[in-house]
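Biologist: I would like a close look at one part of this model, set against the chain as a whole. Please say where each residue sits and what surrounds it, and explain your terms as you go.

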Amino acid sequence: MIKVKELVEAFAPHRGDAIVISGRAGRYWHAISDGPTDFGLGDPAMGGHAGFSLGLALAQPERPVVLFDSEGDLLMNLGILATIAEQAPPKYYYFLMDNECYATTGGQPVPNASRVAYDQVARGCGFERTYVFHEIEP
């Protein structure tokens with residue numbers, strides 16, 4: 001499993017001028033970036049990061065928008081995947097971090113956690129491309 005800190009550290013050199021919504025990766029992202037287009041939304045209602053980031057991507061289609069989301073957040077608003085797929089912002093990048101628990105509310109297990117294939121759910125909603133990573137190669 002990739003640790004959140006490793007994910008944001010691997011992403012940072014490739015950020016360019018992207019607008020970054022750090023979501024659950026916020027504590028790690030803000031330790032390595034202080035960009036003027038970083039959005040650390042704190043802890044809004046679970047599921048809120050995806051809609052917010054989609055709005056930014058639609059409002060500024062010329063800028064890359066990157067979201068670091070969690071499966072717990074996604075499950076609170078699973079329908080957002082169909083909306084993202086329908087709108088298909090050209091420079092929108094959604095990183096879903098899956099640790100199989102609701103980490104910010106006490107570590108409760110996510111239902112059916114080890115069997116949910118979020119990449120396949122996104123494909124079923126209309127995403128053209130999805131990728132799954134289990135480790136970061138040096």
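**From the first helix to a pair of aspartates**

Modeller: Ala10 has its place in helix H1, where helices (H or I, at least four residues) and strands (E, at least two) are DSSP runs numbered from the N terminus. Before going further I should say that this is a predicted model, in which local features need pLDDT of at least 70 and side-chain atom pairs count only at pLDDT 80 or more, while totals for chains, interfaces and linings use all residues. Residues are numbered from 1 along each chain as its sequence is written, and side-chain values use heavy atoms, with hydrogens and water left out.

Ala10 is partly exposed, at a relative accessible area of 32%; the scale calls a residue buried under 20%, exposed over 50% and partly exposed in between, with a 1.4 Å probe and protein chains only. Although Ala10 and Ile136 are 126 residues apart along the chain, their C-alpha atoms are separated by 7.9 Å. Ile136 also appears beside Ile2, a residue of the segment before helix H1 (4–11): leaving aside neighbours within four places in sequence, Ile2 is in contact with Leu7, Phe133, His134, Glu135 and Ile136, contact meaning heavy atoms within 4.5 Å.

For the background, the chain contains six helices and six strands, and their order along the sequence is α-β-α-β-α-β-α-α-β-β-β-α. The radius of gyration is 14 Å, close to the 14 Å that the globule rule gives for 138 residues, so the chain is as compact as a globular protein of that length; the radius is taken over C-alpha atoms, and the rule is 2.2 Å times the number of residues to the power 0.38. Along the principal axes, the C-alpha atoms fill a box of roughly 35 × 35 × 30 Å. Of the 138 residues, 37% count as buried, and among contacts between residues at least 6 apart in sequence, 62% join residues at least 24 apart. The chain carries 10 positive and 17 negative side chains, and the centres of the two sets lie 1 Å apart; Lys and Arg count as positive and Asp and Glu as negative, without His or the chain ends, each charge being placed at NZ of Lys, CZ of Arg, CG of Asp or CD of Glu.

The part that I would single out holds two of those negative residues, Asp69 and Asp73. Asp69 belongs to strand S3 (residues 65–70), and Asp73 to helix H4 (residues 71–76). Asp69 is buried, with a relative accessible area of 1%, and Asp73 is likewise buried, with a value of 1%.

What does the side chain of Asp69 make a polar contact with? The partner is the side chain of Tyr94, at 2.5 Å, a polar contact being a pair of N or O atoms within 3.5 Å; within protein, one must be able to donate a hydrogen and the other to accept it, and residues adjacent in sequence count only if both atoms are side-chain atoms. Not counting residues up to four places away in sequence, Asp69 touches His49, Ala50, Leu74, Tyr94, Phe95, Leu96 and Met97.

For Asp73, a polar atom of the side chain lies 3.0 Å from the backbone nitrogen of Gly47. Beyond its neighbours within four places in sequence, Asp73 is in contact with Arg24, Met46, Gly47 and His49, and His49 is therefore found in the lists of both aspartates. The C-alpha atom of Asp73 is separated by 18 Å from that of Ile2, and these two residues are 71 places apart along the chain.

Strand S3 also meets strand S1 (residues 19–21), where Ile19 lies, through the contacts that Ile19 makes with residues including Val65 and Val66. Ile19 is buried at 3% relative accessible area.

The loops beside strand S4 (92–97) deserve a last remark. Ala88, in the loop between helix H5 (80–87) and that strand, has a phi near 45°, and its relative accessibility of 48% makes it partly exposed. Glu100, in the loop between S4 and strand S5 (101–102), has a positive phi of about 65° although it is not a glycine, and is partly exposed at 39%. Most residues other than glycine have a negative phi.
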